[in-house]
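Dear colleague,

Please find below the structure that I am handing over to you. My notes on what was found in it follow directly after.

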Amino acid sequence: QAQLVEHGGGSVQAGETLRLSCKWSSRTFSTYAMAWFRQAPGKERELVAAIDWVGYKTRYADSLKTRAFISKDNAKKELTLQMNSLNSEDTAVYYCAAAEDYNPFQRGEVWGQGTQVTVSS
């Protein structure tokens, strides 16, 4: 079964930069749009950033577009997310996801298990 595995979560100091990666072993996700979502305690899951299957088109949550950067490397089978200037509101579980459609992000969704990111001041 195709799987997505996130790496890079943990505790981060406010103001620092976060880098998450998501790797897959199946060729399937190389032809899928992919995205990062996050869910903070007591809140609904929200889209952080999405990227098309080639890795050319990207879109971001309005509140994060100046601090986040998503990239996809099909040769390495890796999706990455970099976020700068972290603050306490970035504390959440971050999920990697794949879907057949880029915008809206839908159809055949597959989710990673999630990785906890905790920002401390």
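A search of the whole structure, which is a predicted model, finds 1 disulfide. In general terms, a disulfide is a covalent bond between the sulfur atoms of two cysteines. Here the bond is formed by Cys-22 and Cys-96, whose sulfur atoms lie 2.0 Å apart. The two cysteines belong to distant parts of the chain: Cys-22 sits in strand E3 and Cys-96 in strand E9 (residues 92-99), with their positions 74 residues apart in the numbering. The angle about the S-S bond is -75 degrees, and the link of Cys-22 and Cys-96 is left-handed.

Are the two cysteines buried or exposed? Cys-22 has 0% relative accessibility and therefore counts as buried, as the cut-off for this class is under 20%. Cys-96 also has 0% relative accessibility, so Cys-96 counts as buried.

Strand E3, which holds Cys-22, is also part of a sheet. Which strands make up this sheet, and in what order? The sheet is open and consists of 4 strands in the order E1-E3-E8-E7, with antiparallel pairing. Its edge strands are E1 (4-7) and E7 (68-73), each of which pairs on one side only. From one strand to the next, the twist averages 15 degrees.

The contact between E1 and E3 can be described in further detail. Strand E3 covers residues 18-24, runs antiparallel to E1 and is joined to E1 by 4 bridges. Within E3, Trp-24 is the bridge partner of Leu-4.

Yours sincerely

Notes
Residues numbered from 1 in each chain as written. Predicted model: local features only at pLDDT ≥ 70, side-chain atom pairs only at ≥ 80, totals over all residues. Heavy atoms only, no water. Pairing = 2+ DSSP bridges. Axes fitted to C-alpha atoms, helices over the stretch in contact; angles between N-to-C directions. Disulfide = S-S within 2.5 Å. Buried < 20%, exposed > 50% of the residue type's maximum accessible area, 1.4 Å probe, protein only.
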